[in-house]
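These are my notebook entries on a single chain, kept in the order in which I looked things up. I began with one strand pairing and worked outwards from there.

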Amino acid sequence: MTEVLPAPGPLDALTDVAGVRVGHAEVPGEGALSGTTVVLAPEGGAVAAVDVRGGGPGTRETDALDPRNLVQRIDAVVLTGGSAYGLDAASGVMAWLEEQGRGVRVGPDPSQVVPVVPAACLFDLGRGGDWRARPDASTGRAAAEAAAASGPGARVPEGTVGAGTGAVAGRIKGGVGSASVRLPSGVTVAALAVVNAAGSVVDPATGVLYGEYGAGRPVVPPDPAVHEAARRRLDEITDARSPGATDAQEEGASGGGVFNTTIVVVATDADLTRAQAQKLAGTAHDGLARAVRPVHLLTDGDTVFTLSTGALPLPGEPVAALNGILAAGADALARAVVKAVRAASGVDGPGGTFPSYNELYGAPRDSREPLA
C-alpha cells in the first residue's frame, strides 16, 4: 500500500494556522540591508516554547518560555537582523502590544499589562555597507503593525524581506520562507524560517538544495553544465573579495559565515502543553539539519520558537497524534528553508556579492517549459 504524504495547507505558509499573522519591515536608507519580521499570535495569545541549538545565539525573553516558569502564553515573536543591536526591535513590538492591552496582566486595570516578547537575532551587520543601519524599536513597531494590518490567512511575503533582507546562506543569498503541513486529522503545522546559515543549503555534488531530498517528490538535479557554471561563478566571487574587507566580511564572502543564524517560528493549531510545545521546537531542528549542512555550529545561533494556538484538541491516541505533529514540524521547516532560498533575490554591494540560487540555477527544472 502506497504511503499518502500529508499535503500543504491552502497557502503553504505559517498563516495556514488560523489567527497567526506575519509582518515584515525593512531598515530604510542607503547602505541598509536588514529588517525585522514579527509573528503575531491570535488574540489571547498562544502557548510558546523555544529550543536554542546554535553556539552563538542572540535572544531575548527565552527564559520566560521555560515550562517551569510563570508565563503561560505570549502574543508575539520577533525575528530580526542587526545582531544583538537588532533585539531592540522587540521594544517597539512590546510598546505596540501594550497599546492594544495585550500582555501579562499585572494590575487591576486592564491596561496594566507587561507584554512578553521573545526575540532572536541574526548577524547581517554591514551587509548593505552601513554598519549602523540596523533594526530598532521603530522597525519592530512597523513589522507588528504590518502583521496586524494583514487579513486572516494572508499570504506571507517570502525572500528578501523583513529579517531576511540581509540574510545569506553560505555563499548565496538567504531570506524568509514559509511552509505548512495539513495532517489527515485536520491539524495544521507550519513553519517560517529566516535562513542566514554558516553552512551550505546546496549539495556541492549536484546543485540540489538539501531540503529537497526526502520532501516526497522526485528530485530533478540541475543540468551538470549549469551546476559547473554556478560553482565557477561562486569561486570567482570568492577570489574577487576586496583586500580591505573586515574579517567578518572576508569570512562571510567565502562561505565561512563567521556570524550567522537561522531563526524559526513553528506554529500549530493543536492544543499542546508547554512541555509538548518545547518538544516540537526540538524536533523541528531536525528539519533544519536536513536543509543546512553543517548546522548548529559555534558561529550559528540557530533558534526555533513554537506557538500552539490550542484551537484543536489532540486527535485520537495522544502519543501517536503528537508524534505526527513532531514529524510534520521538521518536514515543514525543511521546506521553508528551500522556499526561502528559492524566493531570495541576489545582492551585489559594498557588503558583499551574494547571488540568489535561482540566478545561478534557474527555476526548478520540473516547472520549466520544454526546450525547443
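**Entry 1: the sheet with β3 and β14**

I started at a single pair of residues and noted that Val52 stands opposite Thr303 in β14. I was working on a predicted model throughout. Following the pairing along, I found that β3 and strand β14, residues 303-312, run antiparallel to one another and are joined over six bridges. I then asked in which order the strands of this open sheet come. The order is β3-β14-β13-β12-β11, five strands with mixed pairing. At its edges I found β3 (47-52) and β11, each of which pairs on one side only. From one strand to the next I noted an average twist of 15°.

Next I looked up the helices that meet these strands. Helix α5 lies across β3, β13 and β14, and runs at about 40° to β3. Helix α6 packs on the sheet as well, touching β11, β12, β13 and β14, with its direction at about 40° to that of β12.

**Entry 2: the nonpolar cores**

I then turned to the largest nonpolar core, which has 45 residues, and in which Ile172, Val201, Ile325, Leu333 and Val337 have the most contacts. Which elements give two or more residues to this core? They are β11 (175-182), β12 (188-195), α3 (224-239), β13 (263-270), α5 (274-291), α6 and α7 (357-361). The largest share comes from α6, with 12 residues.

I took Leu333 as an example and listed its contacts, leaving aside neighbours within four places in sequence; among them are Ala191, Ala193, Val264, Ala284, Leu288 and Val304. I also recorded a second, separate core of 31 residues, which includes Val22, Val39, Val71 and Val116.

**Entry 3: the sheet with β1 and β4**

A further open sheet is built from five strands in the order β1-β2-β5-β8-β4, again with mixed pairing. I noted that β1 and β4 stand at the edges with a single partner strand each, so one side of each is left without a neighbour in the sheet. At the β4 edge, the pairing with strand β8 (residues 119-121) is antiparallel and extends over two bridges. Here Thr59 stands opposite Ala120 in β8.

Helix α1 packs on this sheet, where it touches β2 (35-40), β4, β5 and β8, and its direction makes about 155° with that of β5. Helix α2 also packs on the sheet, touching β1 and β2, with its direction at about 145° to that of β1.

**Entry 4: charged pairs**

My count of salt bridges came to 12, and I followed up a few of them. The side chains of Arg335 and Asp12 meet in a salt bridge with an N to O distance of 2.8 Å. This pair links distant parts of the chain, since Arg335 belongs to helix α6 (residues 318-343) and Asp12 to the segment before β1 (21-26), 323 residues apart. Are the two partners buried or exposed? Arg335 is buried because its relative accessible area is 14%, and Asp12, at 15%, counts as buried too. I noted further that Asp12, Glu158, Arg335 and Lys339 are linked in a network of salt bridges.

Arg102 forms a salt bridge with Asp75, with 3.1 Å between the closest N and O atoms. Arg102 lies in the loop between α1 (89-99) and β6 (104-105), and Asp75 in the loop between β4 (59-60) and β5 (76-80), 27 residues apart. Both Arg102 and Asp75 are buried.

For contrast in setting, I looked at Glu145 and Arg141, whose closest N and O atoms are 3.5 Å apart in a salt bridge. Both lie in helix α2 (residues 137-149), four residues apart, about one turn of the helix. Glu145 counts as partly exposed at 38% relative accessibility, and Arg141 is partly exposed at 24%.

**Entry 5: confidence**

Last, I checked how far the coordinates can be read. The mean pLDDT of the chain is 90, and 91% of its residues reach 70 or more. Over residues 243-257 the pLDDT stays under 50, and the model has 28 contacts for this stretch beyond four places in sequence. Over residues 366-372 the pLDDT is also below 50, with four contacts in the model beyond near neighbours in sequence. Where pLDDT is low, the predicted coordinates should not be read in detail, and I therefore left such detail out of my reading.

Methods:
Residues numbered from 1 in each chain as written. Predicted model: local features only at pLDDT ≥ 70, side-chain atom pairs only at ≥ 80, totals over all residues. Heavy atoms only, no water. Salt bridge = Lys/Arg side-chain N within 4 Å of Asp/Glu carboxyl O. Buried < 20%, exposed > 50% of the residue type's maximum accessible area, 1.4 Å probe, protein only. pLDDT = per-residue confidence, 0-100. Contact = heavy atoms within 4.5 Å. Pairing = 2+ DSSP bridges. Axes fitted to C-alpha atoms, helices over the stretch in contact; angles between N-to-C directions. Core = buried A, V, L, I, M, F, W, Y, C linked by side-chain atoms within 4.5 Å.
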